[in-house]
Amino acid sequence: MLRKLTNAFGVSGCETEVRDIIIEEIKDCGADFRIDNMGNLVAFKKAKKENAKTVLLSAHMDEVGFIVTDITEDGYIKFETVGGIDARILISKRVKVNGRCGVIGLKPVHLASKEERKKMPKANELFVDIGAKDRTDAESVASKGDYFGFDSEYIEFGEMIKAKALDDRLGCAIMIEILKKEWDVNLVCTFNVQEEVGLRGAKIAAKGARPDFALVIEGTTCNDLPTVPKNLRVTKSGDGAAISVLDSASKADRDICDMLIKAAEKRNISWQYKASTAGGNDAGAISLLEGGIKTASISVPCRYIHSPVSVMHKSDFESCKELVEGFLEDCGKELTEND
Amino acid sequence: MIEKIANAFSPSGHEDEVRQLLVESLNDKFDKIYVDSLGNVIAKKGVSPKLLIECGMDSPGIMVVDNSDGKVWFSAFGGLKAKDLIGQNVIFKNGIFGEVKYDGEISDDAKISDLYIALDTAEISVGNFGILKSEFSEDDDYYLGYGLKSKAGLLTVYQAMLDLDEDFAVLFSAQKRIGGKGIKAFLSANNFECAISVDGFCNKETDGVVIIAKDSTAVASVTLRKALEDIAKAQKIDAKTAVLDENFFSSSFLTAGTGVDWTAIGVSSKAEEDGKEKIFKKELESAIKLLKSAIEKLN
């Protein structure tokens, strides 16, 4: 499932391909679903019992990518980035433009001046070579305003998975698995559009759900790398699902965090705190809706996030899935005990 | 009560101590008082008051990101800068406190990620929150302490509203120092005709109590601002109109519901050389008087 989801194209604003895969997966699982005007896919699955709590799970379908800004006379594509991409990772990467392979090119080192060699080019100084002989040829493939994304296959190596868009197809994959099961809570699963360009889809998708709790499932920064000192490491690959406390978009609800930690410890599920206040996700939008919604985030650490080669540990993905499931079980049980 | 509020442990999202103080002390003074999902305290007089008074409950603080080898490393939030922290004591919820150290030469280049708290304890974990230890004191003219600026609005509002019979609501907002989260969440489901925020500010060029004409994001309602100016004039309250480059979350108010007339009362705080913040009693009294008169007149 994750292979299929991460190989799909879904730059912010163009999530149709991803959404279609998800619909195909969930259409027979007993959930109702709708697509709103923005393109968010919202699935509802009733609890097995009456008077159950409502839990909203949220993951985003979109990925970072590019938009065509111009096509040069000699057939190269100029572009800007969509979402947060570090320009340093762009040079020589493969992209796919409307199904056609392309590479992000740069003037060769032999022809670069001393100053140019020292300077990191900005995205708008780069270009995509799709092998077109001239503008007319290139325009038969792409037009101004077209979106395109990284071209990178899902690959498993050792205990790791490499793919583009792990952030946040991993969240989509977990929610699909969860929707296929029966729960003692009413489930609202929002597969959001446009998270990478300002948490836009979630603001609409989560409206009206009025859940008791909302849990955002995400891919998050992992920088357990040789050059990074221990006190600056946000998460560690292989150490389990990451629970956020505070980031630049939201403060996690403490009750949900406590429930998640309890659920993890009860079931021996590996977990870690996300040890940073940087970054942000759809929790920032959801938590402020309709008078405030108790919201938290749980993530899978992803090295090289927002690149074509994001890497995650299989066990972290499993921990995250098990922890979300444990949380839902406990939410269902809690009400039974209090009844 | 002032000392209790000043000393309360209330980093953003962990405002429990202030919340408890408010709920306990205001319970019999309002028709309705409740805590919402984000932790805001809302107190109401009257059935559906049209006037909202807002002040923050939280303080800037730090979050622990690593604890190893006798060093507690942290991130900061709410506008705390490295130079504000070096040499100060940070206190945690469990009462443990320690001094913030920096191994380099103190300069504007110091980064939060280079600072640590010299503490060899297993009782502080990743995800714990801390604030500057307040070390509150007062003399005849002023209150003094670390982080007092963030409490100036709360001190004003708390004292202004106790004896009023008019219909109004008060939003003691949670998570104000991390982007006005409590304000935004509350306003997403509640409508008011007009609102007045009260908050502390640090500004070298403007002293005393100010009526905000514009903050860093939007302009205040001219009608409401002028009404406050008239009240100040009539009551002989020393208040100036000011444009401040601080975020009072004006745009959150102005665009809420069908639109809210909004302005703010700012209470200046002076930063001392050691980082403590000083609020003059005379100025606090002026702000209280102005707010009290505004609630009476605007009803």
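Two strands count as paired here if DSSP finds at least two bridges between them. Keep that in mind for the strand stops below.

**Before you start**

You're looking at a predicted model. Its overall scores are ipTM 0.88 and pTM 0.92. For chain B, the mean pLDDT is 91, and 98% of the residues reach 70 or more. Colour by pLDDT if you like: where pLDDT is low, the predicted coordinates should not be read in detail.

**Stop 1: all of chain A**

Select chain A and show it as a cartoon. You should be able to pick out nine helices and 17 strands. The radius of gyration of chain A is 21 Å, close to the 20 Å from the globule rule for 339 residues, so chain A is as compact as a globular protein of that length. Turn it along its principal axes and the C-alpha trace spans about 75 × 45 × 40 Å. Of the 339 residues in chain A, 52% count as buried. If you draw the contacts between residues at least 6 apart in sequence, 77% of them join residues at least 24 apart.

**Stop 2: the two domains of chain A**

Now colour residues 2–63 + 164–338 of chain A as domain 1 and 65–150 as domain 2. How far apart are the centres of these two domains, taken over C-alpha atoms? The separation is 32 Å. Where they meet, 12 residues of domain 1 of chain A are in contact with 10 residues of domain 2 of chain A. The domain 1 side of that meeting place divides into five nonpolar, four polar and three charged residues.

**Stop 3: strand β16 of chain A**

Stay in chain A and select residues 295–303, which form strand β16. Is this strand enclosed or open? Nine of its nine residues are buried, so β16(A) is largely enclosed by the rest of the structure.

Switch on side chains. In a regular strand the side chains alternate between the two faces of the sheet. On one side of β16(A) you'll find Thr295(A), Ser297(A), Ser299(A), Pro301(A) and Arg303(A), and on the other Ala296(A), Ile298(A), Val300(A) and Cys302(A). Both of those faces are covered.

Next, add the partners of β16(A):

- Strand β13 (residues 213–222) of chain A runs parallel to β16(A), with nine bridges joining the two. To find one spot in this pairing, click Thr220(A), whose bridge partner in β16(A) is Pro301(A).
- Strand β14 (residues 241–243) of chain A pairs with β16(A) in the antiparallel sense, over two bridges. Here, click Ile243(A), whose bridge partner in β16(A) is Ile298(A).

**Stop 4: across to chain B**

Bring chain B back and look at where it touches chain A. The contact takes 24 residues from chain B and 18 residues from chain A. Which elements of chain B give two or more residues to this side? Select β4 (61–68), β5 (71–77) and α5 (181–187) of chain B. By class, the chain B side has 10 nonpolar, 10 polar and four charged residues.

**Stop 5: the two domains of chain B**

Finish by colouring chain B by domain: domain 1 is 2–59 + 147–298, and domain 2 is 61–132. Their centres, taken over C-alpha atoms, are 29 Å apart. Zoom in on the junction, where nine residues of domain 1 of chain B are in contact with 11 residues of domain 2 of chain B. The domain 1 side there has three nonpolar, five polar and one charged residues.

How values were computed
Residues numbered from 1 in each chain as written. Chains lettered and ligands numbered in written order. Predicted model: local features only at pLDDT ≥ 70, side-chain atom pairs only at ≥ 80, totals over all residues. Contact = placed C-beta atoms within 7 Å. Helix = DSSP H or I, 4+ residues; strand = E, 2+ residues; numbered from the N terminus. Nonpolar A, V, L, I, M, F, W, Y, C, P; charged D, E, K, R; others polar. Buried ≥ 20, exposed ≤ 12 C-beta atoms within 10 Å, placed from the backbone. Domains from an automatic or database assignment. Rg over C-alpha atoms; globule rule 2.2 N^0.38 Å. pLDDT = per-residue confidence, 0-100.
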